[in-house]
Amino acid sequence: MRLLDRYLLRELVIPLSYCLCGFLLFWVCSDLFGELADFQKKRLLAGDIAQYYLVITPEFVVLVLPIALLLALLYALTNHARYHEITAIRAAGVSLWRVCTPYLIVGFLASLGLFALNELWVPDSAEAAEQILSRRLPRAPGALPRNQVRELCFNNSRDGRVWRIGVYDVERARMSNPQVVWTLADGAVRWLSADRADYTNSQWVFYNVIEYKEAAHTNSFPVPVFETNVTMLAYPEFTETPEQIKSEVRLSAGIVVHGARKADIPIAAILAYLRLHPNLSHADRCWLYTKLHGRLAAPWTCLVVVLIAIPFGAASGRRNLFVGVASSIFICFSYFVLLQLGLALGTGGYLPPWLAAWFPNLSFGLTGLWMTATVR
């Protein structure tokens, strides 16, 4: 069986490599011809362009790997069935599931790799690509660097604190002109204003702090508590972290417009946002949870691809190899339509978010299992 497994893997890896390389080459060439004029306007050199495509390659791999795996599987299985190799293997007493074990392992490992790419490399690829595109352009007067955000409002509704930040540096976790408002246990309101703040030793340190206090259940003006010019004043009770603020920056724009897919928002950022905003509206919760489950479900498309390709490609009989290509186009189109329909119903609140995101995988996976069980 080890010899057979190596043979089946070799017959799969070769077309899979060709498909990935072919898709990558086609994508780079078509995108380069379409964006060449824009690259010239932005004064990019050949090295900049090469670095740009290297940076955004992980995002492309996430999109194309399931399609390449499906096409390679259908090609390999159709080729085996064409020469009756699968029939001969099964006649020797080997079950179809055992024959397809190497394919299932490849699908499982590809899903894990896709999940790692999606969470570790892809989230920062779009931002890095934008920095490369704008590195040769002169900065407009008064414009901030791309890693800084102006007039940021960060609402920690879980702990009852609202941060208003003049300028926030996402990379260095540094604030300019921060103001923090929070409510004490007795109902009094505290106001904090400082020149700047840094995140040091897992706590926020403010400089040149002024604090005000507003008594509970009154309309009186806030009264200054103290004013200090101490070099550093730490507030360990402020539990907000730079990662949580970064998730706010990433998700706030999408929450407002309920935007479409964004590859730069990892699961950790979505969970951090949900922890700090437990009282979201129904529409916002549907959008966020559908997005969360969609991120969890997307990598497992590779395993679903294997389940659906086995009955399409392993059926006995002599067939043309282009049958595999036609089948892959039909499967991809059907999956894409079902995926978009599920996400639309989930974000609109018509389906539970988990069902909307996982429905295409469940439908195609269960259909593949049933069709494989009926293969003779």
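Helix α1 (residues 2–41) comprises 40 residues, which at 1.5 Å a residue (expected span: 1.5 Å times one less than the number of residues) should span 58 Å; its end C-alpha atoms lie 56 Å apart, in agreement. Helices (H or I, at least four residues) and strands (E, at least two) are DSSP runs numbered from the N terminus. The model is predicted: local features require pLDDT of at least 70, side-chain atom pairs count only at pLDDT 80 or more, and totals for chains, interfaces and linings use all residues. Residues are numbered from 1 along each chain as its sequence is written, and side-chain values use heavy atoms, with hydrogens and water left out.

At E35, α1 bends by about 55 degrees, the bend being the angle between axes fitted to the seven residues ending there and the seven starting there. Buried residues of α1 (under 20% relative accessible area, 1.4 Å probe, protein chains only; exposed, over 50%; partly exposed, in between) include L4, L8, L12, W27 and F39. The buried residues of α1 pack against α2 (46–82), α3 (85–91), α4 (96–99) and α5 (101–133), with contact defined as heavy atoms within 4.5 Å.

In the loop between α1 and α2 lies R43, which is exposed, with a relative accessible area of 54%. Phi of R43 is positive, near 60 degrees. Most residues other than glycine have a negative phi. A positive phi, near 55 degrees, also occurs at N177, a residue of strand β3 (residues 174–183).

L362 is located in helix α11 and counts as partly exposed, at 39% relative accessibility.
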